[in-house]
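Thanks, everyone, for making the time this morning. I would like to walk through one model with you, going from single residues to the confidence scores and then to the contact between chains.

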Amino acid sequence: MEKEVDGILVAAHELKAPLAVLRQLALAFDEMDDRGEHIRSEMLSVSERAIRQVNDLTKVRRLEDGLFQMGPVSVRAVCDAVSHELNYLYGCNKKELSKSYRNKSKLVTANWDLLYSVIYNFLLNAMHYSDVNAIAELTVRDAKDTVKIEVRDYGPELPIDVWREMRRGWIEKPTSIAMRPGSSGLGLFIASRFSKYMNAQIGAVRHRNGTSFYVELPISRQASLF
Amino acid sequence: MIFVVDDDEIMAECVAKAAGCEVRIFTNAIEAMNEIADGIMPEMIFLDILLVGPDGFTFLNEMVSYTDTAKIPVVIVSSLDFAGRDLSGYGVVGVLNKEKMRPKDIRGYVGKYAK
């Protein structure tokens, strides 16, 4: 088992190296016409997305070791950090990201890194599948004993079989999903694994003109101490 | 002059281009150490850690073993996570993550440590 884990870590590093180079090349473009700028944005977007997913896959493998500590986490701080990181990519892809915080409960029980990845994957999906100039909406609201973080996109409808898997809160394998065009559903697979680890519930709501993905996290009882 | 030590030549060239000054690229630590032993002292070094042959830390150990080379500022450029680790004992003045760094980060160190 240990050798297998080592192998995955090595593979992850091997996969990251060319992606990091690809990203640097994209950044090194200095003489560009409009088309050059578009290609550069795509290279940057693809490489940053892939690097993060490789990192997340490594974390999925490490979930079994229980190395990710749970504790009170500020939902707003995580959402702000993720949206700050993604603002650049949203701009490059001519998409917009809006945020709305309607929650009174500030802290949830979670792991910062895992929650960051869940929200990141939702927002990246929203960016990828939203129509050009569409707005992806990140909303945080209270829901009984939980805080619900929801990402609404305006793109193709989510296939019914994926929606059923999301309703179950568990996606078996990334490759088993007939996801929306151009995706293996890896981001949702990662989000489902991380959510389960954090005792959070993920799900999706189908709309005529897009999808809302959400994760519900238990409110941190330590919040009452403050 | 600046040294860039990275076994990935394309990455090394990206760093060199971003530095925007006279740069020597080495794809392994031994070549870089030999050059320094021949008396060519860089103003600073951008160093990868996972190298073919002796790794970056072997190189750093050599560097801090001699008073003249111990003073050369080194910036680690790696995909490994060094968050929270104090590497100043190795003469390391900064760490850049290959997955996140931008050309301006490299220029920032060049502006600070190279003339």
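Let me begin with K144(A), which in this predicted model counts as exposed because just 9 other C-beta atoms lie within 10 Å, where 12 or fewer is the cut-off. As for its place in the fold, K144(A) sits in the loop that joins strand 4 (135-143) to strand 5 (146-153) of chain A. Its backbone deserves a look as well, since phi of K144(A) is near 55 degrees, a positive value in a residue other than glycine.

A second residue to set beside it is N199(A), whose phi is near 55 degrees, again positive in a residue that is not glycine. N199(A) belongs to the loop between helix 6 (186-197) and strand 6 (201-207) of chain A. Is N199(A) buried or exposed? It is exposed, because it has 11 C-beta neighbours inside 10 Å.

Now to T211(A), which is part of strand 7 (residues 210-218) of chain A. T211(A) is buried, because 24 other C-beta atoms are found within 10 Å, and the threshold for that class is 20 or more. Leaving aside residues up to four places away in sequence, T211(A) touches D153(A), L158(A), A204(A), V205(A) and R206(A). You may also want to find V151(A) on the screen: V151(A) and T211(A) are separated by 60 residues in sequence, and their C-alpha atoms are 8.2 Å apart in space.

A word on confidence, then. The average pLDDT of chain A is 80, with 82% of the residues scoring at least 70. Within chain A, the highest confidence belongs to strand 5, at 95, and the lowest to helix 1 (residues 2-28), at a mean of 73. There is also a stretch, residues 175-182 of chain A, over which the pLDDT is below 50, and in the model this stretch has 14 contacts beyond near neighbours in sequence.

Finally, the contact between the chains. How many residues does the contact take from chain A and from chain B? Chain A contributes 10 residues, and chain B contributes 10 residues. On the side of chain B that touches chain A, the largest share, four residues, is supplied by helix 1 (residues 9-19) of chain B. By character, the residues on that side of chain B comprise five charged, four nonpolar and one polar.

Notes
Residues numbered from 1 in each chain as written. Chains lettered and ligands numbered in written order. Predicted model: local features only at pLDDT ≥ 70, side-chain atom pairs only at ≥ 80, totals over all residues. Helix = DSSP H or I, 4+ residues; strand = E, 2+ residues; numbered from the N terminus. pLDDT = per-residue confidence, 0-100. Contact = placed C-beta atoms within 7 Å. Nonpolar A, V, L, I, M, F, W, Y, C, P; charged D, E, K, R; others polar.
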